[in-house]
Amino acid sequence: MDDLRQKYLDAIAGAGDEAAIEDVRVQALGKKGEISLKMRELGQMSAEERQAMGPKLNALKDEITSALSARKASLADAALEERLAAEWLDVTLPGRPRPRGTIHPVSQVTEEITAIFADMGFAVAEGPQIESDWYNFDALNIPPEHPARQEHDTFFMARAAGDNRPPHVLRTHTSPVQIRAMQGTGAPIRVIAPGRVYRCDYDQTHTPMFHQVEGLAIDRDISMANLKWVLEEFCRAFFEVEGVELRFRASHFPFTEPSAEVDIRCSWEGGTLKIGEGNDWMEILGSGMVHPKVLAAGGIDPDEWQGFAFGMGIDRLAMLKYGIPDLRAFFDSDLRWLRHYGFSALDMPTLHGGLSR
Ligand code: 2NL
């Protein structure tokens, strides 16, 4: 009896998995198991023998049964421990950083320009990019025969066959937006018109789509002195130089009289540009007093009102401010490239509400 007990307890202790435990159970307690047979033999025994053996066999059966389930439980525990040790997860690891986009330099500069002029009381006006020939040219004192029409490298929209009206155009400047603003609000008015403009020209320094901002201030006694102050104030804020110096050169535009091109003092030393100091001048914009015919086209009486207008290229301003040497940078979106040239929207907390993107 003791041998039997020891044999099965050893077998149970040595069982390495559930199948082995089941084998031991069948061997001992199955229908033809060793202990089951022994219990059946009780029937052939004398009453005394049965009274001696019966309880012992029952106790042995119970002991083996509980040893089997204890072994099963401990194997399951061991398996769980092993899984827990292998399948751990470090929830304190930092996340994997993912590359994120930044605002395009042209958008950034447009917002900077808008913010500076907003501080001087200029509203933002917008308008269509496909314009009528009248808004893009006639209203700006550029009649059909005017040579400036050819110089504008205009993209023309198609007309239906037999429709002989002048075709619409992709606007070549944002001036039409200001004509529409004058018609809409009348005088006095102070607006800027930033946006896309189009000219059929493509080389190292020109792209067929580029960005312009024009400004317009009309009141009873606006003069070129006001123009000079507004542009100086703009350049001081935009280029972040205190003693900024501007130079006005007489020029000609059909839509202004008199007209002036405006240069900013700068230096070119060792191939690097410094704005605000030095002995060089760089042209940054065109300007003038709005031509009486242009005021009239905007529905404003030129005998009662006058004012200035100016226009400048945003792409070029962005290149100057952020040291971008090649226009093509605006058309590939390689962030590493932009970072290389020190462009970061993150460093401009006053814009975009300081988003930490
Ligand atoms: C340049 C020159 C200029 C204007 C744009 C303008 C608009 C209206 C009336 C009169 Cl509605 N003038 N715009 C005036 C002078 C110059 O742009 O070189 N731009 C890049």
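Here are some worked exercises on a predicted model of a protein with a ligand.

**Exercise 1. The ligand shell**

Work out which residues come nearest to the ligand, which polar atoms face its nitrogen atoms, and which elements build the shell.

*Solution.*

Step 1: start with the neighbours. There are 17 residues around the ligand, and Glu214, Phe255, Gly286, Ala309 and Gly311 come nearest.

Step 2: look at the polar atoms. Glutamate 214 places a polar side-chain atom 2.9 Å from a nitrogen atom of the ligand. Glycine 311 uses its backbone instead: an N or O atom there lies 3.2 Å from a ligand nitrogen atom.

Step 3: check the cover. On its own the ligand would expose 480 Å², and the protein buries 87% of that.

Step 4: assign the shell to elements. Those that give two or more residues are helix H8 (175-185) and strands E5 (209-219), E9 (280-290) and E10 (306-313). E10 gives the most, with four residues.

Step 5: sort the shell by chemistry. You should get nine nonpolar residues, seven polar and one charged.

**Exercise 2. Helix H9 from end to end**

Test the length of helix H9 (residues 224-239) against 1.5 Å a residue, then find out how its buried residues are arranged around the axis.

*Solution.*

Step 1: do the length check. The helix has 16 residues, so the expected span is 22 Å; the end C-alpha atoms are 22 Å apart, which agrees.

Step 2: list the buried positions. They are Leu227, Val230, Leu231, Phe234, Cys235, Phe238 and Phe239.

Step 3: look down the axis. The buried residues of H9 fall within an arc of 135°, so they line one face of the helix. The background is simple: an α-helix has 3.6 residues a turn, so residues three or four places apart point the same way.

Step 4: inspect the start. A side-chain oxygen of serine 223 comes to within 3.1 Å of the backbone nitrogen of alanine 225.

Step 5: inspect what follows. Glutamate 240, just after H9, has a positive phi of about 60°. This residue belongs to the loop between H9 and strand E6 (246-253). With a relative accessible area of 59%, glutamate 240 is exposed.

**Exercise 3. The same check on H5**

Repeat the length test for helix H5 (residues 105-119), and say which residue with positive phi follows the helix.

*Solution.*

Step 1: H5 has 15 residues, which should span 21 Å at 1.5 Å a residue, and the end C-alpha atoms are indeed 21 Å apart.

Step 2: go through burial. The buried residues of H5 include Val106, Val109, Ile113, Ile116 and Phe117, along with Gln108, Thr110, Glu112 and Thr114.

Step 3: step past the end. Glycine 121 follows H5 and has a positive phi, near 90°.

**Exercise 4. Cis peptides and a positive phi**

Locate the cis bonds that precede proline 188 and proline 258, then decide whether asparagine 141 is buried or exposed.

*Solution.*

Step 1: alanine 187 and proline 188 are joined by a cis peptide bond, with omega about -5°. Proline 188 sits in the loop between H8 and strand E4 (189-198).

Step 2: glutamate 257 and proline 258 are also joined by a cis peptide bond, with omega about -5°. Proline 258 is in strand E7.

Step 3: stay in that strand for serine 259, which is also part of E7 (residues 256-269). Its relative accessibility is 7%, so serine 259 counts as buried. The side chain of serine 259 reaches the backbone nitrogen of phenylalanine 253 at 3.2 Å.

Step 4: turn to asparagine 141, a residue other than glycine whose phi is positive, near 65°. You'll find asparagine 141 in the loop between helix H6 (133-136) and helix H7 (147-151). Buried means under 20%; asparagine 141 has a relative accessible area of 17%, so it is buried.

**Exercise 5. Contacts of histidine 173**

Find what the side chain of histidine 173 reaches.

*Solution.*

Step 1: place the residue. Histidine 173 lies in the loop between strand E3 (169-170) and H8.

Step 2: check burial. At 2% relative accessibility, histidine 173 counts as buried.

Step 3: follow the side chain. It reaches the backbone oxygen of asparagine 136 at 2.9 Å. The side chain of histidine 173 also makes a polar contact with the side chain of serine 175, at 3.4 Å.

Notes:
Residues are numbered from 1 along each chain as its sequence is written. This is a predicted model: local features need pLDDT of at least 70, side-chain atom pairs count only at pLDDT 80 or more; totals for chains, interfaces and linings use all residues. Side-chain values use heavy atoms; hydrogens and water are left out. A residue is near a molecule or strand if one of its heavy atoms lies within 4 Å of it. A polar contact is a pair of N or O atoms within 3.5 Å; within protein, one must be able to donate a hydrogen and the other to accept it, and residues adjacent in sequence count only if both atoms are side-chain atoms. Accessible areas come from the Shrake-Rupley method with a 1.4 Å probe; for residues, only the protein chains shown count as cover. Ala, Val, Leu, Ile, Met, Phe, Trp, Tyr, Cys and Pro count as nonpolar, Asp, Glu, Lys and Arg as charged, and the others, Gly among them, as polar. The expected span of a helix is 1.5 Å times one less than its number of residues. Buried means under 20% relative accessible area, exposed over 50%, partly exposed in between (1.4 Å probe, protein chains only). The arc is that of the directions from the helix axis to the C-beta atoms.
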